[in-house]
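Me: I have a structure open and would like a close look at one part of it. Could you pick out one helix and walk me through how it sits in the rest of the chain?

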Amino acid sequence: MSGIPSYKAHTKDISGHLAGFRAAQPDLMKAFGEMSAAATRDGVLDAKTKELIALALAVAAHCDACIGFHVKALVKLGATQQEVEETLGMCVYMGGGPSLMYTANALAAFKEFTAQA
């Protein structure tokens, strides 16, 4: 898992590390939050479909933090493992070997976020 022991811990750490930046750049972070809300709001595509697209982009960009945040959102939205796996299949098709490696990370994140606490 790319040296990440836990996606839950990783996303929590990232959020904590951004707290100072959020305080230093409140207007930017507010605008980013508003953009996120507008982009993920149900429209012709529902929020879950949009998060599946975001997960595919996270895998393509090789961004473990992004994988963690979007998998976490997908779990909250009720995505199934099969939906995630089909999305990741498209990642491998379009991105080859490097995307396959991050597909493993995304599946590890899904397993972690869906595990019973």
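Reply: Happy to; here is a look at helix H4, starting from the whole protein and then moving in to the helix and its surroundings.

A word first on what you are looking at: this is a predicted model. The protein has 5 helices and 0 strands, so the pattern along the sequence reads simply α-α-α-α-α. Its C-alpha atoms fill a box of roughly 40 × 35 × 30 Å along the principal axes. For 117 residues, a compact globule would have a radius of gyration near 13 Å, and the 14 Å found here agrees with that. Of the contacts with a separation of 6 or more, 67% join residues 24 or more positions apart. Buried residues make up 27% of the 117.

Now to the helix itself. H4 covers residues 64-76, which is 13 residues. From its first C-alpha to its last it reaches 18 Å, close to the 18 Å expected at 1.5 Å a residue. After the helix comes glycine 78, with a positive phi near 85°.

Which residues of H4 are buried? They are Asp64, Ala65, Ile67, Gly68, Val71 and Leu74. Each of these counts as buried because its relative accessible area is under 20%. As for their partners, the buried residues of H4 pack against helix H1 (7-24), helix H3 (47-61) and helix H5 (81-114).

H4 also takes part in the largest pocket, where it supplies at least two residues of the lining, as do H1, helix H2 (26-40) and H3. The space in this pocket comes to about 640 Å³. Its lining has 21 residues, and those nearest the centre are Phe32, Ser36, Glu51, Phe69 and His70. Phe69 and His70 fall within the 64-76 range of H4. By class, the lining has 11 nonpolar, 5 polar and 5 charged residues.

One last stop is H5, a packing partner of H4. Alanine 108 lies in this helix. Is that residue buried, partly exposed or exposed? Its relative accessibility is 27%, so alanine 108 counts as partly exposed. The C-alpha of alanine 108 is separated by 8.2 Å from that of tyrosine 7, although the two residues are 101 apart along the chain.

To put H4 together: its buried residues pack against H1, H3 and H5, while the helix also shares in lining the largest pocket with H1, H2 and H3.

Methods:
Residues numbered from 1 in each chain as written. Predicted model: local features only at pLDDT ≥ 70, side-chain atom pairs only at ≥ 80, totals over all residues. Heavy atoms only, no water. Helix = DSSP H or I, 4+ residues; strand = E, 2+ residues; numbered from the N terminus. Expected span 1.5 Å × (residues − 1). Buried < 20%, exposed > 50% of the residue type's maximum accessible area, 1.4 Å probe, protein only. Contact = heavy atoms within 4.5 Å. 1 Å grid on protein atoms, 1.4 Å probe; cavity = no way out; pocket = protein on both sides within 12 Å on 5 of 7 lines; lining within 4 Å. Points joined across faces, edges and corners; volume = space filled by probe spheres on them. Nonpolar A, V, L, I, M, F, W, Y, C, P; charged D, E, K, R; others polar. Rg over C-alpha atoms; globule rule 2.2 N^0.38 Å.
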